[in-house]
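Work through the exercises below with the sequence and the coordinates at hand. Each task is followed by its solution.

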Amino acid sequence: MNKKQLMLAALSATLAGSLAACSGKDSADGRDGGAAGDKTKIVYWTGDRHDSEFIKEKVDDFNRTNTDGIEVELVVKGDDFDQALDMSFQTSEAPDVIRVKENTIQTFYKKGYLAPIDDYLSDELRAKFPQMDALNSFDGKRYSLPNYGTTMRLIYNKELFQKAGIANPPTTLAELVSDAKKITAVGKANGEYGFAQNFKSPGSALGRSARVIAEISGFGGFGYDFKAARYDFTPFKPIIEAFKQMRDDGSMLPGVESLDIDPLRAQFAEGKIGMYLSFSAEAGVYQSQFPAKIEWAAAPAPSIDGNVKGASGFLGGQWLAISSQSAHKDAAWTFMSYMYGDPILQQYQEKGFGISMVPSVSEVAAKPEVYGIDGFLPNAHDGVWPVYPAVPVQGAKSDDVFFKYILDGGDLDALIADLNKRYTTALDAAIASGDVVAEPDADFDPAKLAGQYAS
Amino acid sequence: MRLVWKAALWAFLLIAAFLTLFPILVTILGSFKTNAELTAGATILPSSWQLRNYAEAWRQAKFSTYTLNSLFVSAASTVGILLVSSMAAYVVDRMAFPGKRLYVGMQAFTMFVAIGAVVLRPQFELMIRLHLHDSLWGVVLILISAHASAFFILYSFMSGIPKELDEAALIDGCSRGRTFMRIVVPLLTPGLGVCALFAFRGAWNEYLLPFVFTLSKPELQTLTVGLASLKYGISAASQTHLMMAGACLSIVPMLAVYLFANKSFMQMTAGSLKG
Amino acid sequence: MRKTKELAFSYGFLMPSLALTLVLGIYPIAWAMRYMFYDYKGYGKQTFIGLDNFARVMRDGEFWHAVSNTFVYAGGKLALSIPFALLLAVVLNRGLRGRQILRAVFFLPTIVSTAVMAVVFFAIFNAYNGVLNQFLLKYKLIGGAVDWLGADHAMMTVVLVSVWGAVGNYMLLFIAGLQNIPADVYESASLDGANKLQQFRYVTVPMLGPVMQMIVMLAIINALKGYESIMVLTDGGPIGKTNVMFLYVYKLFFPTAGTGAASQIQEIGYGSAVAFVTAIIVGLITLLYYFGSKRMNRYA
């Protein structure tokens, strides 16, 4: 009996202790609120981690120097950013300023999270920041402005290429396959392999590899044909076959099917991987998080047959947006226009957090101070693709179907025919219900997308 | 013969203990490595011991602030779950009343469904009406409401306690309530102990609930929310080394609770209490 | 009069549990599940489509594949963890020196964060430089590197990892159940000349009966529902080999962020329908077990 009473007493003591702690904090906050008086408090959510120290410093500067009595609270979220944002809107605790990304802004717009900023935009700002449909503008209204963009490249280990006697990075699928084979043949005894991709998530792996190979070859990176306004995965056939060939040759790192992006990067930094395809953010990772022990560089992604008929995707077009639920939209804009000022945008590129997408900034900003960034800078083949209509397809997604073929084989033509059928059905249903608009564009020329951002 | 048995038993136990501890050993050693060394694998011992991982994790996950919040949520919901489910288990096992099957079926149903965060929205709207949406009490109430497994465990333990005992007490003139508190609850200690431990652990590890309920009050966040912030960042690699250090740190309070529960409940058998 | 009082007492004691369960358990589930009759993507229109979602469940090959994976996963997990936990519980219940330390050791895995364990088990099991392969290769127990997380072995690996994480739980529950058996029952049994094995057969097993039945029932439900460790370890892959039904449901509600916008589409309506079907599957299996084990008890 005594023991039990003791236990209960201890529990209630803990309880009372924490309660006191909580209420203590609450009252402290109350005092703070009182003293701060009429400060307008706005909350800014970002999912970016690579630039968080820099952004924090800039937010602190703003809080110290702004004369409008605005105080910004920076909240850095992790990979649960989207889910957290959904929750915050459902519970009316939404942030005022939201970091939007290439693959989230459409969803956030459709969910009604974003407020148009046209009223705040002067003609000068309109001209300075390129307008891009579905990337920062919807139905003629602007919701965000570009800051930096991300390029996609083949990232390769120069030392392994040299060892295998390969002079230049591959420019065709055939070279990709044979280079991977050569590197593996020379290096396998040391645990060095020609190719890897983070196939633990086929969507993430193919979204940074097959996608850009298709795009630079002139095809939509997600199987959408902008000319016909139809889904057609046929162009992916040679790409997926090349991947399968590398897998069958044993040129891929063992266990590639359960490889996540970070272990991949760590092995690349150790010098164990010949090449892989990914985004320009990799340069920063090898500078700070996984210091690369090898000479490496980035090169344009190979095309299917050496003919560049499209544009290597330059992703971006948006950065910050104002929440539709914000009670302090004016203050949020004041902060946003501070963040979009030339000094910050310029430093953003120079410190290597991203490659500027604002023409007036990229003209003056110096090259980023990051090893290996040169290969990532936009060239004549980089360009911004229009946004494809996302549809809720029934059954297996294209990435999963393709990866299954890479591992298990099968009849690729039949698989592609089935994908085309299912994606088209979903597209037609989405058009019929008014969820998406998809109209053929006979003049669409992917080659014309390239070049505007060449430095 | 006896000796052979004993040796075999110990060999089995030691191998099992080694296999159980090995991944934890890897975690602890990993928490002292650099991110690059840890993520690349290949080494068991850190090539240089990174004590600063712990300092970083402590600072970034705001351990000192959040631990108290976590303790509060876990302790309060544990007490609540034990109370609510032992009372229900008592009447379901000992009394006859209409609707009993329906109640048991309903508890079972809540265990069959798992739609995760989708139920958060109606729960949150209810809490707004109760004005508990930005306090940890809301979290505690929702955690207490999920007591189906505690109920079933205690229900089964309850049926192992001889009915003659409480009948004798009733005949002695003890009320039902007193019988429950004085006779049944003490006999239930092993079951209550293990349920308390599981309830505490469940609350300690709960992530989404405290996260949602503290969106506007970051000072009320719990440790899991702080730990999650160590995890990934977009456009960068995850800080696995800090995650590991944070995980090792957060084991410590939980282990203390285990030792406490083990000492308080699981030492005594129902028989020894009687004497 | 007595009867009314008893009833009032019963409902009074049941009330806190009943009220909390109804308001914060059942109502939110019902609120969310009504979407199973709708086409709803998390925003925009909610179109009532009757039973169309259920028709889709019936022809959804991926889902039924996940269901059969779930049976393999749950079966393997239960077959390994329950006997192992029971054995440990019996051995560590009393008598043995050092049992407190060993109990704590076996309990430890249940308190380590799942996300961190995914990293650790990748370090142990990965084909390229995993600790396990290095060990097995060094002692020539395998001819070449085995891809423990590859399509052929991933299911076995996730089962082993889940057993590792579950044994401690069931061991503690069994210990608590054993402690629930009054000590004097053993005393009288040993006075009657029963040896340890006979005591186990004629005292422990029947006395542990109801508790054991419940523990196994909870273990079945948990095994059928478990997906978090799989999600972080293999994410259901490679090529769906470790995809279990609750992971499938989770991904319909919370699609994992890929690089394309299509990966962001939430299937709230369809996901609710699938969640309903999975609940029925879990419920049926639990009931089957419950009545089956009751029957066995009667004949035992």
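**Exercise 1.** Write the order of helices and strands along chain C, then describe the fold of that chain in numbers.

Solution. Step 1: along the sequence, chain C reads α-β-β-α-α-α-α-α-α-α-α-α-α-α. Helices (H or I, at least four residues) and strands (E, at least two) are DSSP runs, numbered from the N terminus. Step 2: the elements of chain C come to twelve helices and two strands. Step 3: along the principal axes, the C-alpha atoms of chain C fill a box of roughly 75 × 75 × 30 Å. Step 4: of the 300 residues in chain C, 52% are buried (20 or more other C-beta atoms within 10 Å of the residue's own, C-beta atoms being placed from the backbone).

The model is predicted: local features need pLDDT of at least 70 and side-chain atom pairs pLDDT 80 or more, while totals for chains, interfaces and linings use all residues. Residues are numbered from 1 along each chain as its sequence is written, and chains are lettered from A and ligands numbered from 1 in the order in which they are written.

**Exercise 2.** Characterise the side of chain B that touches chain C.

Solution. Step 1: count contacts (C-beta atoms, placed from the backbone, within 7 Å); 72 residues of chain B meet 70 residues of chain C. Step 2: helix H1 (residues 2-30) of chain B gives the most to this side, ten residues. Step 3: sorted by class, the side has 47 nonpolar, 22 polar and three charged residues. Nonpolar means Ala, Val, Leu, Ile, Met, Phe, Trp, Tyr, Cys and Pro; charged means Asp, Glu, Lys and Arg; the others, Gly among them, are polar.

Key. Two residues are in contact if their C-beta atoms, placed from the backbone, lie within 7 Å. A residue is buried if 20 or more other C-beta atoms lie within 10 Å of its own, exposed if 12 or fewer, and partly exposed in between; C-beta atoms are placed from the backbone.
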